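These are my notebook entries on a structure that I went through helix by helix, with the sequence open beside it. I begin with a single residue and work outwards from there.

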Amino acid sequence: WDLKNGYEIVRKYMHAIESEKRRLMIEYYLRMYNENVINKIEKLRIGNNHNDLNENNIILLLNKDNDNDNDNNSDNNSESMIGIIDFGDCSITHIVNEIAIGIAYCVLNQKNALNAASIILASYYEQFRLTIDEIEVLFPLICLRLCTSVSVSAYKFKLNPENRYIISSEAPAWEALEIFYNISTIDALNTFKSAINL
């Protein structure tokens, strides 16, 4: 699942996607990656990445409002992240992949996926600054992660069609890819730059 191998993984498994229209969409995203990421690879910083930050791997602590002890759903309650789990996908890879993967999970089931991505990026950027090269490759990397997810799940499902869990996030990933298909790389980049005041 190391996103630096995402292009090769998608190429290897995309044949399992039955819809020709969807395979053509995947080809579009692979071209986007080639045109926008390959020439910047050497400029991207390397570091330790979790590589699978999603809602199932984050431990949250519910902070109850003391005035509403009996109401767990109070608008005054908040959550704090206190840890992460599942280090099986950790690797030393491009640092920008971490936020790309996190955003790819966060845009699932979001009607305005680019806005959701921008909000996540802005919060991340407050804590950890990305370089301009990393920001420029972020959108293609988010799309590549989504392509990796749908390609691998299609392949695994062909091998084991009775295991529906394999395709549990496939529909929302395709929905995000369809939303992003109508957004140019330049428009996404400008939206991201605006979100972090660049």
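I looked up V152 to begin with and found that its place is in helix α5. Its relative accessibility is 11%, and because the cut-off for buried is under 20%, V152 counts as buried. I note here that this is a predicted model, and I read every value below with that in mind. I also looked up the distance from V152 to H15: the two are 137 residues apart in sequence, yet 10.0 Å apart in space, C-alpha to C-alpha.

Next I asked which residues of α1 meet α5. On the α1 side I listed G6, Y7, I9, V10 and Y13, and on the α5 side L144, C147, T148, S151, V152 and Y155, so that V152 appears again, this time as part of a helix contact. For the geometry, I noted that the axes of α1 and α5 come within 9 Å and cross at roughly 35°, and that the crossing in which α1 passes α5 is left-handed.

I then turned to burial in α1, where the buried residues are G6, Y7, I9, V10 and Y13. I wanted to know why they are on the same side of α1. The reason is that they cover an arc of only 165° around the axis, which puts them on the same side of the helix. This fits a general point that I wrote in the margin: an α-helix has 3.6 residues a turn, so residues three or four places apart point the same way. When I checked what covers these buried residues of α1, I found that the cover includes α2 and α5.

From there I went to the largest nonpolar core, which has 50 residues, and in which I26, L146 and F180 are those with the most contacts. The elements that give two or more residues to this core are α1 (6-13), α2 (20-36), α3 (96-106), α4 (113-127), α5 (132-159), α6 (170-181) and α7 (185-195). Of these, α5 gives the most, with 12 residues. I followed I26 further and, not counting residues up to four places away in sequence, recorded that I26 touches V10, M14, I17, C147, V150, W174 and L177.

A search of the whole structure for aromatic pairs gave seven, and I wrote out two of them. Y28 and Y29 form an edge-to-face pair, 5.1 Å centre to centre with 70° between the planes. Y28 and Y181 also form an edge-to-face pair, at 4.8 Å centre to centre and with 70° between the planes. Since Y28 lies in helix α2 and Y181 in helix α6, this second pair ties together parts that are 153 residues apart in sequence. Y28, Y29 and Y181 form one aromatic cluster. Is each of them buried or partly exposed? Y29 counts as buried at 2% relative accessibility, whereas Y28 is partly exposed with a relative accessible area of 22%, and Y181, at 38%, counts as partly exposed.

My last entry concerns S118, which is found in helix α4. At 7% relative accessibility S118 counts as buried, and, leaving aside its neighbours within four places in sequence, S118 is in contact with T191, F192 and A195.

Terms used:
Residues are numbered from 1 along each chain as its sequence is written. This is a predicted model: local features need pLDDT of at least 70, side-chain atom pairs count only at pLDDT 80 or more; totals for chains, interfaces and linings use all residues. Side-chain values use heavy atoms; hydrogens and water are left out. A nonpolar core is a set of buried Ala, Val, Leu, Ile, Met, Phe, Trp, Tyr and Cys residues joined through side-chain atoms within 4.5 Å. Buried means under 20% relative accessible area, exposed over 50%, partly exposed in between (1.4 Å probe, protein chains only). Helices (H or I, at least four residues) and strands (E, at least two) are DSSP runs, numbered from the N terminus. Contact means heavy atoms within 4.5 Å. The arc is that of the directions from the helix axis to the C-beta atoms. Rings of Phe, Tyr and Trp (its six-membered ring) pair if their centres lie within 6.5 Å; planes under 30 degrees apart count as stacked, over 60 as edge-to-face and the rest as tilted. Axes are lines fitted to C-alpha atoms, for helices over the stretch in contact, and angles run from 0 to 180 degrees between N-to-C directions. A crossing is left-handed if the near helix is turned anticlockwise from the far one by less than a right angle, and right-handed if clockwise.
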